[in-house]
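Let's take a walk through a protein model together. Keep the 3D view open and turn it as you read.

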Amino acid sequence: MKLYLVIPCYNEEEVLPETAARLKEKMTALMESGKISSDSRIVFVNDGSKDRTWELIQKLHIENPLYRGICLSRNRGHQNALLAGLMTVREECDAVISLDADLQDDINAIDAMVDKYLEGYDVVYGVRSSRKKDTFFKRTTAQGFYKVMRAMGVETVYNHADYRLMSSRALEGLSKFQEVNLFLRGIVPLVGFRSTTVSYERGERFAGESKYPLKKMLAFAFEGITSLSIKPIRMIAALGALIFCVSIGMLIYSIARRIGGNTVDGWASLAVSIWALGGIQLLAIGVIGEYIGKIYLETKARPTFLVQEYLKDEEAE
(Lines give C-alpha, C1' and ligand atoms only; values in the text may rest on other atoms or scores of the structure.)
Protein backbone atom coordinates (compact mmCIF):
# COMPACT_ATOMS: atom_id res chain seq x y z
CA MET A 1 0.00 0.00 0.00
CA LYS A 2 1.40 3.37 -1.06
CA LEU A 3 0.33 5.98 1.51
CA TYR A 4 0.70 9.74 1.23
CA LEU A 5 0.23 12.21 4.09
CA VAL A 6 -1.03 15.65 3.02
CA ILE A 7 -0.45 18.53 5.44
CA PRO A 8 -1.63 22.10 4.61
CA CYS A 9 0.79 24.70 6.00
CA TYR A 10 0.32 28.41 6.58
CA ASN A 11 3.06 30.20 8.55
CA GLU A 12 4.13 26.99 10.27
CA GLU A 13 7.90 27.55 10.54
CA GLU A 14 7.77 27.08 14.33
CA VAL A 15 6.17 23.65 14.18
CA LEU A 16 7.40 22.29 10.86
CA PRO A 17 10.75 20.78 11.98
CA GLU A 18 9.12 18.90 14.86
CA THR A 19 6.14 17.89 12.72
CA ALA A 20 8.43 16.55 9.99
CA ALA A 21 10.47 14.56 12.51
CA ARG A 22 7.43 12.97 14.14
CA LEU A 23 5.80 12.07 10.85
CA LYS A 24 9.05 10.60 9.52
CA GLU A 25 9.28 8.38 12.59
CA LYS A 26 5.68 7.24 12.15
CA MET A 27 6.04 6.55 8.43
CA THR A 28 9.31 4.66 8.97
CA ALA A 29 7.65 2.45 11.59
CA LEU A 30 4.77 1.68 9.22
CA MET A 31 7.20 0.84 6.42
CA GLU A 32 9.22 -1.48 8.66
CA SER A 33 6.03 -3.25 9.76
CA GLY A 34 5.14 -3.87 6.13
CA LYS A 35 1.81 -2.01 6.30
CA ILE A 36 2.86 0.62 3.76
CA SER A 37 5.38 0.58 0.93
CA SER A 38 8.77 2.30 0.98
CA ASP A 39 7.67 4.77 -1.71
CA SER A 40 5.05 6.33 0.57
CA ARG A 41 5.52 10.07 1.03
CA ILE A 42 4.83 13.08 3.28
CA VAL A 43 3.50 16.06 1.29
CA PHE A 44 3.50 19.57 2.75
CA VAL A 45 1.27 22.14 1.01
CA ASN A 46 2.45 25.72 1.38
CA ASP A 47 -0.61 27.96 1.39
CA GLY A 48 1.06 31.27 0.57
CA SER A 49 2.94 31.46 3.87
CA LYS A 50 4.63 34.75 4.74
CA ASP A 51 7.37 33.21 6.90
CA ARG A 52 10.05 30.59 6.12
CA THR A 53 7.61 27.68 5.73
CA TRP A 54 8.31 27.06 2.04
CA GLU A 55 12.05 27.44 2.57
CA LEU A 56 11.92 24.75 5.26
CA ILE A 57 9.84 22.46 3.03
CA GLN A 58 12.42 22.83 0.25
CA LYS A 59 15.20 22.00 2.71
CA LEU A 60 13.37 18.91 3.95
CA HIS A 61 12.84 17.71 0.38
CA ILE A 62 16.52 18.12 -0.50
CA GLU A 63 17.62 16.23 2.61
CA ASN A 64 15.18 13.35 2.27
CA PRO A 65 12.99 12.21 -0.68
CA LEU A 66 10.39 11.07 1.86
CA TYR A 67 9.28 14.72 1.99
CA ARG A 68 7.53 16.47 -0.87
CA GLY A 69 6.27 20.01 -1.23
CA ILE A 70 3.48 21.77 -3.09
CA CYS A 71 3.56 25.56 -3.28
CA LEU A 72 0.35 27.35 -4.20
CA SER A 73 0.44 30.54 -6.25
CA ARG A 74 -1.08 32.48 -3.34
CA ASN A 75 -2.91 32.02 -0.06
CA ARG A 76 -6.23 30.28 -0.72
CA GLY A 77 -7.28 29.19 2.77
CA HIS A 78 -7.01 25.87 4.60
CA GLN A 79 -9.76 24.03 2.68
CA ASN A 80 -8.41 25.00 -0.74
CA ALA A 81 -4.85 24.12 0.28
CA LEU A 82 -6.02 20.73 1.53
CA LEU A 83 -7.93 20.08 -1.69
CA ALA A 84 -4.89 21.13 -3.72
CA GLY A 85 -2.77 18.52 -1.96
CA LEU A 86 -5.38 15.79 -2.34
CA MET A 87 -6.00 16.44 -6.02
CA THR A 88 -2.29 16.77 -6.88
CA VAL A 89 -1.32 13.37 -5.45
CA ARG A 90 -4.52 11.37 -5.95
CA GLU A 91 -3.18 9.42 -8.95
CA GLU A 92 0.19 8.68 -7.36
CA CYS A 93 -0.87 6.63 -4.34
CA ASP A 94 -3.37 4.12 -3.01
CA ALA A 95 -4.62 6.30 -0.15
CA VAL A 96 -4.09 9.74 1.41
CA ILE A 97 -4.36 10.82 5.02
CA SER A 98 -4.90 14.54 5.60
CA LEU A 99 -3.94 16.18 8.87
CA ASP A 100 -2.94 19.58 10.27
CA ALA A 101 0.65 20.73 10.70
CA ASP A 102 0.32 21.33 14.45
CA LEU A 103 -0.20 17.57 15.06
CA GLN A 104 -2.87 18.12 17.68
CA ASP A 105 -4.53 15.15 16.04
CA ASP A 106 -2.85 12.02 17.41
CA ILE A 107 -0.66 10.54 14.64
CA ASN A 108 -0.89 7.12 16.29
CA ALA A 109 -4.41 6.96 14.84
CA ILE A 110 -2.73 6.61 11.42
CA ASP A 111 -2.06 2.95 12.24
CA ALA A 112 -5.76 2.30 12.86
CA MET A 113 -6.72 4.19 9.69
CA VAL A 114 -4.36 2.06 7.62
CA ASP A 115 -5.80 -1.10 9.19
CA LYS A 116 -9.33 0.03 8.29
CA TYR A 117 -8.22 0.74 4.73
CA LEU A 118 -6.74 -2.75 4.47
CA GLU A 119 -10.08 -4.08 5.69
CA GLY A 120 -11.73 -2.51 2.65
CA TYR A 121 -12.86 0.96 3.77
CA ASP A 122 -12.46 3.85 1.31
CA VAL A 123 -12.95 6.67 3.83
CA VAL A 124 -11.83 6.58 7.46
CA TYR A 125 -12.77 9.59 9.61
CA GLY A 126 -10.66 10.57 12.60
CA VAL A 127 -13.12 11.39 15.39
CA ARG A 128 -12.25 13.02 18.70
CA SER A 129 -13.11 10.75 21.63
CA SER A 130 -13.76 13.72 23.95
CA ARG A 131 -13.41 17.49 24.35
CA LYS A 132 -12.18 17.51 27.95
CA LYS A 133 -9.16 19.64 27.06
CA ASP A 134 -11.27 22.35 25.41
CA THR A 135 -12.44 25.40 27.28
CA PHE A 136 -16.12 25.52 28.20
CA PHE A 137 -16.71 28.18 25.54
CA LYS A 138 -14.99 26.24 22.75
CA ARG A 139 -16.65 22.97 23.74
CA THR A 140 -20.10 24.58 23.81
CA THR A 141 -19.67 26.42 20.50
CA ALA A 142 -18.26 23.31 18.79
CA GLN A 143 -21.20 21.19 19.89
CA GLY A 144 -23.56 23.96 18.83
CA PHE A 145 -21.85 24.07 15.44
CA TYR A 146 -22.59 20.41 14.71
CA LYS A 147 -26.20 20.76 15.90
CA VAL A 148 -26.80 23.80 13.69
CA MET A 149 -25.22 22.08 10.68
CA ARG A 150 -27.44 19.05 11.21
CA ALA A 151 -30.52 21.26 11.58
CA MET A 152 -29.64 22.96 8.30
CA GLY A 153 -29.53 19.61 6.52
CA VAL A 154 -25.73 19.42 6.16
CA GLU A 155 -24.38 15.89 6.60
CA THR A 156 -21.26 15.94 8.79
CA VAL A 157 -19.43 13.46 11.05
CA TYR A 158 -19.71 14.54 14.68
CA ASN A 159 -16.41 15.69 16.27
CA HIS A 160 -14.56 15.21 12.98
CA ALA A 161 -12.39 17.94 11.46
CA ASP A 162 -10.14 17.19 8.47
CA TYR A 163 -8.18 14.25 9.85
CA ARG A 164 -9.20 11.43 7.53
CA LEU A 165 -8.02 8.72 5.17
CA MET A 166 -9.36 8.60 1.63
CA SER A 167 -8.62 5.91 -0.93
CA SER A 168 -7.65 6.81 -4.49
CA ARG A 169 -11.17 5.77 -5.55
CA ALA A 170 -12.75 8.14 -3.02
CA LEU A 171 -10.40 10.93 -4.12
CA GLU A 172 -11.41 10.37 -7.72
CA GLY A 173 -15.02 10.74 -6.62
CA LEU A 174 -14.16 13.93 -4.72
CA SER A 175 -12.59 15.37 -7.87
CA LYS A 176 -16.01 15.27 -9.54
CA PHE A 177 -17.34 17.87 -7.10
CA GLN A 178 -16.74 21.25 -8.71
CA GLU A 179 -17.28 23.32 -5.56
CA VAL A 180 -15.59 26.71 -5.27
CA ASN A 181 -16.73 27.64 -1.75
CA LEU A 182 -15.28 24.57 -0.06
CA PHE A 183 -16.43 22.82 3.07
CA LEU A 184 -14.78 19.41 2.84
CA ARG A 185 -16.29 18.15 6.10
CA GLY A 186 -19.66 18.30 4.39
CA ILE A 187 -18.57 17.34 0.87
CA VAL A 188 -16.61 14.16 1.71
CA PRO A 189 -19.68 12.36 3.17
CA LEU A 190 -21.47 13.10 -0.11
CA VAL A 191 -18.80 11.15 -2.01
CA GLY A 192 -20.14 7.96 -0.49
CA PHE A 193 -18.24 4.64 -0.60
CA ARG A 194 -17.67 2.44 2.42
CA SER A 195 -16.66 4.50 5.45
CA THR A 196 -15.92 4.12 9.15
CA THR A 197 -14.41 6.09 12.05
CA VAL A 198 -11.35 5.88 14.29
CA SER A 199 -11.33 7.54 17.72
CA TYR A 200 -8.37 9.45 19.12
CA GLU A 201 -7.52 11.93 21.86
CA ARG A 202 -6.68 15.42 20.62
CA GLY A 203 -3.56 16.96 22.16
CA GLU A 204 -2.27 20.48 22.70
CA ARG A 205 -0.56 22.53 19.99
CA PHE A 206 3.17 22.25 20.82
CA ALA A 207 4.23 25.53 19.15
CA GLY A 208 2.91 28.50 17.20
CA GLU A 209 -0.58 29.95 17.28
CA SER A 210 -3.94 28.58 16.18
CA LYS A 211 -4.92 29.61 12.65
CA TYR A 212 -8.61 29.46 13.60
CA PRO A 213 -9.60 32.19 16.07
CA LEU A 214 -13.28 32.71 16.87
CA LYS A 215 -13.83 35.09 13.95
CA LYS A 216 -12.51 32.57 11.43
CA MET A 217 -14.42 29.73 13.06
CA LEU A 218 -17.69 31.64 12.69
CA ALA A 219 -16.87 32.47 9.08
CA PHE A 220 -16.03 28.80 8.47
CA ALA A 221 -19.34 27.68 9.95
CA PHE A 222 -21.27 30.18 7.81
CA GLU A 223 -19.34 29.00 4.76
CA GLY A 224 -20.31 25.43 5.50
CA ILE A 225 -24.00 26.24 5.84
CA THR A 226 -24.26 28.45 2.76
CA SER A 227 -22.15 26.09 0.60
CA LEU A 228 -24.19 22.99 1.30
CA SER A 229 -27.67 24.12 2.29
CA ILE A 230 -30.34 26.55 1.07
CA LYS A 231 -32.40 26.14 4.22
CA PRO A 232 -31.63 29.71 5.39
CA ILE A 233 -33.27 31.03 2.21
CA ARG A 234 -36.30 28.82 2.81
CA MET A 235 -36.47 30.12 6.37
CA ILE A 236 -36.62 33.68 5.01
CA ALA A 237 -39.46 32.66 2.69
CA ALA A 238 -41.30 31.02 5.59
CA LEU A 239 -40.80 34.14 7.71
CA GLY A 240 -42.15 36.28 4.91
CA ALA A 241 -45.23 34.08 4.60
CA LEU A 242 -45.75 34.21 8.37
CA ILE A 243 -45.52 38.00 8.48
CA PHE A 244 -47.93 38.27 5.56
CA CYS A 245 -50.42 36.08 7.47
CA VAL A 246 -49.98 38.33 10.49
CA SER A 247 -50.73 41.33 8.27
CA ILE A 248 -54.03 39.69 7.27
CA GLY A 249 -54.81 39.30 10.96
CA MET A 250 -53.97 42.96 11.50
CA LEU A 251 -56.33 43.88 8.66
CA ILE A 252 -59.19 41.97 10.28
CA TYR A 253 -58.33 43.52 13.66
CA SER A 254 -58.30 47.02 12.13
CA ILE A 255 -61.68 46.50 10.44
CA ALA A 256 -63.15 45.31 13.72
CA ARG A 257 -61.75 48.37 15.52
CA ARG A 258 -63.15 50.59 12.78
CA ILE A 259 -66.63 49.08 13.05
CA GLY A 260 -66.51 49.56 16.81
CA GLY A 261 -65.64 53.22 16.29
CA ASN A 262 -62.50 52.87 18.42
CA THR A 263 -59.72 53.89 16.07
CA VAL A 264 -57.51 56.75 14.94
CA ASP A 265 -57.83 58.11 11.39
CA GLY A 266 -55.06 56.80 9.13
CA TRP A 267 -53.68 54.32 11.69
CA ALA A 268 -55.32 51.23 10.20
CA SER A 269 -54.23 51.80 6.61
CA LEU A 270 -50.69 52.69 7.68
CA ALA A 271 -50.25 49.66 9.96
CA VAL A 272 -51.72 47.22 7.45
CA SER A 273 -49.64 48.56 4.56
CA ILE A 274 -46.39 48.33 6.55
CA TRP A 275 -47.06 44.74 7.65
CA ALA A 276 -48.34 43.64 4.24
CA LEU A 277 -45.53 45.19 2.21
CA GLY A 278 -42.88 43.93 4.62
CA GLY A 279 -44.25 40.39 4.43
CA ILE A 280 -44.60 40.47 0.64
CA GLN A 281 -41.04 41.78 0.23
CA LEU A 282 -39.55 39.08 2.45
CA LEU A 283 -41.62 36.45 0.66
CA ALA A 284 -40.47 37.73 -2.73
CA ILE A 285 -36.83 37.85 -1.63
CA GLY A 286 -37.14 34.30 -0.30
CA VAL A 287 -38.63 32.96 -3.53
CA ILE A 288 -36.05 34.72 -5.70
CA GLY A 289 -33.33 33.61 -3.31
CA GLU A 290 -34.48 30.00 -3.67
CA TYR A 291 -33.62 30.12 -7.36
CA ILE A 292 -30.42 32.08 -6.79
CA GLY A 293 -29.41 29.51 -4.19
CA LYS A 294 -29.85 26.69 -6.70
CA ILE A 295 -27.89 28.57 -9.34
CA TYR A 296 -25.23 29.37 -6.74
CA LEU A 297 -24.84 25.68 -5.93
CA GLU A 298 -24.61 24.65 -9.59
CA THR A 299 -22.58 27.25 -11.45
CA LYS A 300 -19.43 27.87 -9.38
CA ALA A 301 -16.58 27.54 -11.86
CA ARG A 302 -13.62 29.50 -10.50
CA PRO A 303 -10.39 27.50 -9.94
CA THR A 304 -10.06 26.43 -6.32
CA PHE A 305 -6.26 26.50 -6.42
CA LEU A 306 -3.25 26.99 -8.68
CA VAL A 307 -0.05 25.04 -8.05
CA GLN A 308 3.08 27.13 -8.53
CA GLU A 309 5.62 24.38 -7.80
CA TYR A 310 5.56 20.69 -6.93
CA LEU A 311 8.69 19.19 -5.36
CA LYS A 312 8.97 15.41 -5.79
CA ASP A 313 11.73 12.88 -6.18
CA GLU A 314 13.12 12.48 -9.70
CA GLU A 315 12.19 8.80 -9.88
CA ALA A 316 8.51 9.84 -9.79
CA GLU A 317 8.89 12.24 -12.71
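We'll start with the confidence of the model, move on to the sheet, and then look at a strand, a helix and two loop residues.

Keep in mind that this is a predicted model. The protein has an average pLDDT of 79, and 76% of the residues score at least 70. If you go element by element, strand S2 has the highest mean pLDDT, 94, while helix H8 (residues 214–228) has the lowest, 63.

Now find the sheet. It is an open sheet of eight strands, and reading across it you get the order S7-S5-S6-S4-S1-S2-S3-S8, with mixed pairing. S7 and S8 are the edge strands: each has a single partner, so one side of each is left without a neighbour in the sheet. On average, neighbouring strands are turned by 20° against each other, direction ignored.

Let's look at one pairing in the sheet. S1 and S4 (residues 95–98) run parallel, joined by four bridges, and Leu3 sits opposite Ala95 of S4. Helices pack on this sheet too. Helix H4 (residues 109–118) touches S1, S4, S5, S6 and S7, and its direction makes about 40° with that of S6. Helix H7 also packs on the sheet, touching S5 and S6, and its direction is at about 35° to that of S6.

Next, slide over to S3, residues 67–72. Is this strand largely enclosed or not? Six of its six residues are buried, so the rest of the structure largely encloses S3. To see how that works, remember that in a regular strand the side chains alternate between the two faces of the sheet. In S3, Tyr67, Gly69 and Cys71 are on one side, Arg68, Ile70 and Leu72 are on the other, and all of them are buried, which leaves both faces covered.

S3 also has a strand on each side in the sheet order. With S2 (residues 41–46) it runs parallel, and five bridges join the two; one pair to look for is Val45 with its bridge partner Ile70 in S3. With S8 (residues 307–311) S3 runs antiparallel, over four bridges, and here Gly69 stands opposite Leu311.

How do you get from S2 to S3? Follow helix H2 (residues 53–63): S2, H2 and S3 together make a right-handed β-α-β unit. H2 has a buried set made up of Thr53, Trp54, Leu56, Ile57, Leu60 and His61. These residues cover an arc of only 160° around the axis, which puts them on the same side of H2. The spacing fits a general rule: an α-helix has 3.6 residues a turn, so residues three or four places apart point the same way. The buried residues of H2 pack against S1, helix H1, S2, S3 and S8. Turn to the face away from that buried side and you'll meet the exposed residues Ile62 and Glu63.

Finally, two loop residues deserve a look. Most residues other than glycine have a negative phi. Asn11 isn't a glycine, yet its phi is positive, about 50°. You'll find Asn11 in the loop between S1 and H1, where it is partly exposed, with a relative accessible area of 24%. Phe193 is not a glycine either, and its phi is positive at about 70°. Phe193 lies in the loop between H7 and S7 and counts as partly exposed, at 38% relative accessibility.

Key
Residues numbered from 1 in each chain as written. Predicted model: local features only at pLDDT ≥ 70, side-chain atom pairs only at ≥ 80, totals over all residues. Heavy atoms only, no water. Buried < 20%, exposed > 50% of the residue type's maximum accessible area, 1.4 Å probe, protein only. Pairing = 2+ DSSP bridges. Right-handed = clockwise from strand over helix to strand, strands pointing away. Arc of directions from axis to C-beta. Contact = heavy atoms within 4.5 Å. pLDDT = per-residue confidence, 0-100. Axes fitted to C-alpha atoms, helices over the stretch in contact; angles between N-to-C directions.
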